[in-house]
Amino acid sequence: MTAADRIKDKGALVLFSGGQDSATCLAHALNHYQRVETIGFDYGQRHRIELEARLKVRSAMAGLNPEWAARLGEDVTVDISGYGRLAESALTYERVIEMGQSGLPTSFVPGRNLVFLAMAGAHAWRRGLDVLVGGMCQTDYSGYPDCREDTLKAQERALALGLDMDLTLDTPLMFLTKGETWALADQLGGDALITLILEETHTCYLGDRGHRHEWGYGCGTCPACELRAAGWRDWQEGRAS
Ligand code: ZN
């Protein structure tokens, strides 16, 4: 199969936070769709590092591959800080991340992906883009109900009907473990993409950029760092065996 066969003549909008998962999704989109744009959301995150990382990661990815650079189009950041206040949680307020009474971590922001996808759908309609690409994953997550495939299939249908367009949702990480997500990045962009993800993407809930581990930067102890570190170890061990 040649690269030309693989590329779909479609426009994709990637929900792009600048983290490991969305960088992998952007690489997937740049390998599969002719035209790729990105959208990010500022919902009043405690740490602006992730928002600042977005543009660096985007331009570094364009620098990896001239075909990717040619396909990568506009970026937009949407201010939804009103929603952030409404849905207050550990990510938007100084609250300790722990398991809440509902059985979900207090980092759960209710309805976050539903809001993101509604905004992304509206932007895709306006920009004439056919596919939304997101890094939602129901495998390693703490049971976030808006990351489940059932939820996303229902919203894909709602958006296609509500926007009266043939909009589809592409979630390449849905059934991957964190180790398999590293392997996918390697498959999509090789060592150069892995290095970019290690150096430039941000995952840590505490916004720590001062400590460099083998799996990248972060405090090393928050749930996001633990997940990223465990995934890295799984991938490394899988490659070694
Ligand atoms: Zn951390």
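**Close-up 1. The zinc ion and its protein donors in the predicted model.** The zinc ion is bound by the SG atoms of Cys204, Cys219, Cys222 and Cys225, which lie 2.3 to 2.4 Å from the metal. Because the 4 donor atoms subtend angles of 106 to 116° around the zinc ion, their arrangement is tetrahedral; for four tetrahedral donors, the ideal angle at a metal is 109.5 degrees. Along the chain, the spacing of the donor residues follows the pattern C-x14-C-x2-C-x2-C. Among these donors, Cys219 has a relative accessible area of 18% and is therefore buried, the limit being under 20%, and Cys222 is likewise buried, with a relative accessible area of 6%.

**Close-up 2. The packing of helix H6 against helix H7.** Helix H6, which spans residues 112-127, packs with helix H7, residues 149-163, at an angle of about 35°, and the two axes are 11 Å apart; the crossing of H6 and H7 is right-handed. On the H6 side the contact is made by Asn113, Leu114, Leu117, Ala118, Gly121, Ala122 and Trp125, while H7 contributes Thr151, Leu152, Gln155, Leu159 and Leu163. Sorted by class, the residues in this contact of H6 with H7 comprise 8 nonpolar and 4 polar ones, with no charged residues.

**Close-up 3. Asn65 in the loop between helices H3 and H4.** Asn65 is located in the loop that lies between helix H3 (49-64) and helix H4 (66-71). With a relative accessible area of 23%, Asn65 is partly exposed, since that class runs between the 20% and 50% limits. Although Asn65 and Gly189 are separated by 124 residues in sequence, their C-alpha atoms are 8.9 Å apart in space.

Terms used: Residues numbered from 1 in each chain as written. Predicted model: local features only at pLDDT ≥ 70, side-chain atom pairs only at ≥ 80, totals over all residues. Heavy atoms only, no water. Donors = N, O, S within 2.8 Å, 3.2 Å for Na, K, Ca; no water. Tetrahedral: all angles 85-135°; square planar, octahedral: opposite > 155°, others 65-115°. Buried < 20%, exposed > 50% of the residue type's maximum accessible area, 1.4 Å probe, protein only. Axes fitted to C-alpha atoms, helices over the stretch in contact; angles between N-to-C directions. Helix = DSSP H or I, 4+ residues; strand = E, 2+ residues; numbered from the N terminus. Left-handed = near helix turned anticlockwise from the far one by under 90°. Contact = heavy atoms within 4.5 Å. Nonpolar A, V, L, I, M, F, W, Y, C, P; charged D, E, K, R; others polar.
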